[in-house]
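Trainee: Got a minute to walk me through this one? I'd like to start with the ligand.

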Amino acid sequence: MKKIPYGRQSLDESDIQAVTNVLRSDWLTQGPAVPEFEEAIRAYTGAPFATAVSNASVGLHLACLVLGVKPGDPVWTSPNTFLASANGARYCGAKIDFVDIDSKTYNLSPEHLELKLKQAEKNGVLPRVVIPVHFAGQPCGMEKIYQLSQKYGFAIVEDAAHAIGAEYKGEKIGTCTYSDATVFSFHPVKVMTTAEGGLIATKRKDLDDKLKILRTHGITRETGLMNKQSEGPWYYQQIDLGYNYRMSDIHAALGTSQLKRLDQFLKRRRELATNYFHALEGLPLQLPWQHAETLSAWHLYAVCLKLPKIKKTRLEVYEELHRANVGVQIHYIPVHRQPYYSQFGFKVGDFPNAEKYYEATLSLPLFPAMTDEEQNYVIKTLKEILS
Ligand SMILES: *Cc1c(COP(=O)(O)O)cnc(C)c1O
């Protein structure tokens with residue numbers, strides 16, 4: 001069996017055609033493909049406003065920026081995430097803190113959040129923004145997090161890098177019903193791809209207006225926003241310190257094409273997840289628990305080894321799987337354990353659920369083009385290694 005990766009993109013002729021069409025057109029960037037992609041995402045997710053950007057990491061930066069995060073402002077996120085969830089706020093100079101995860105969903109725990117908020121209120125240092133991460137594609141307990149935001153006065157940015165197409169209480173992630181903004185990633189291992197790419201959805205027009213200016217150097221061409229009359233058709237003004245965080249037309253065209261295939265991708269991901277649930281029952285594994293109010297996008301299928309019942313370490317299981325060409329991966333090393341973040345005073349034991357989860361987790365291969373034969377091979381190999 002050829003090496004089976006934990007995730008990979010699915011591209012077909014229609015995707016390749018969409019990209020080559022842009023290459024043959026007049027515009028490689030700042031043409032019609034980006035607004036078309038934004039419109040398609042709005043139509044699919046129900047997002048009121050959408051701003052495409054060069055990747056989700058800068059999307060998280062801009063989301064924090066437009067929500068007014070200033071140096072020293074507290075921003076809280078999950079320790080069980082990719083570094084970018086915290087880095088985006090750090091680019092604004094935020095003081096990062098973490099809220100431990102729920103040991104069933106592996107998502108930021110609303111109960112831990114409430115306890116931490118009560119303590120923070122006593123200390124007079126409430127967060128400005130909280131960034132829940134829809135880990136593996138399963139939405140967080142957003143309603144409770146939203147209620148807490150109303151009570152304690154913080155903004156919410158959903159890190160939905162894993163969760164395009166996921167649903168919470170019957171709505172697609174991206175509507176921002178329980179948040180100010182939602183950030184998607186279109187990196188190739190994610191649920192759909194633009195190669196590099198991200199998008200910020202929001203329900204607030206004021207935020208969307210700022211996002212569109214900040215992703216392109218802080219420039220506006222709208223006379224209403226200028227401090228004096230236009231000097232001619234060429235005229236623009238820089239009204240803020242923005243960035244070049246634009247998505248190109250090449251990337252956006254790939255995104256619009258992939259979005260047409262997203263429901264197919266999700267269907268196959270859900271099928272593969274269901275197969276794993278059935279086939280892995282009875283093994284010394286904790287399978288991914290799903291909340292009844294959520295429908296996961298199944299970016300990842302993460303299992304936890306019940307190590308006391310297995311006479312091997314997690315490293316041994318990982319290595320044996322890789323030797324058999326099963327490309328399992330580990331998501332995630334808790335962010336507070338990274339040297340860059342430990343310099344802010346975090347230490348081992350600060351977020352025990354995330355640390356305990358990290359010690360035992362393995363993400364099994366899962367991607368739309370994975371064949372039944374490949375999945376059966378993964379299951380058979382895992383069974384042999386765990387027996
Ligand atoms: C991949 C990922 C990001 C960053 O996405 P990019 O588009 O690669 O910048 C952010 N958060 C999480 C949880 C991710 O998995």
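**Ligand site and local features**

Mentor: A polar side-chain atom of Ser185 sits 2.8 Å from an oxygen atom of the ligand. That is a polar contact, a pair of N or O atoms within 3.5 Å. The model is predicted: local features need pLDDT of at least 70, side-chain atom pairs count only at pLDDT 80 or more, and totals for chains, interfaces and linings use all residues. Numbering runs from 1 along each chain as its sequence is written, and side-chain values use heavy atoms, without hydrogens and water.

Trainee: How much of the ligand's accessible area does the protein cover?

Mentor: The protein covers 93% of the 380 Å² that the ligand has on its own. Areas come from the Shrake-Rupley method with a 1.4 Å probe.

Trainee: Which atom lies 2.8 Å from a nitrogen atom of the ligand?

Mentor: A polar side-chain atom of Asp159. The backbone takes part too: a polar backbone atom of Ala56 is 2.9 Å from a ligand oxygen atom.

Trainee: Which residues come nearest?

Mentor: Ser57, Asp159, His162, Ser185 and Lys190, out of 16 around the ligand. Being around it takes a heavy atom within 4 Å.

Trainee: And how does that shell divide by type?

Mentor: It has 6 nonpolar, 8 polar and 2 charged residues. Asp, Glu, Lys and Arg count as charged; Ala, Val, Leu, Ile, Met, Phe, Trp, Tyr, Cys and Pro as nonpolar; the others, Gly among them, as polar.

Trainee: Switching to strands. What order do the 3 strands of the open sheet take?

Mentor: The order is 7-6-13, with antiparallel pairing. Strands are DSSP E runs of at least two residues, helices H or I runs of at least four, both numbered from the N terminus. Pairing needs at least two DSSP bridges.

Trainee: Which strands are at the edges?

Mentor: Strand 7 (171-172) and strand 13 (294-295), each pairing on one side only. Strand 6 (residues 167-168) is joined to strand 7 by 2 bridges. Glu167 has Lys172 as its bridge partner there.

Trainee: What's in the loop between strand 6 and strand 7?

Mentor: Lys169 lies there. Its phi is near 50°, positive in a residue other than glycine.

Trainee: Last one: which peptide bond is cis?

Mentor: The one from His331 to Tyr332, with omega near 0°. Tyr332 is in the loop between helix 9 (314-323) and helix 10 (339-342).

Note on methods. Polar contact = N/O pair within 3.5 Å; in protein donor to acceptor, adjacent residues only side chain to side chain.
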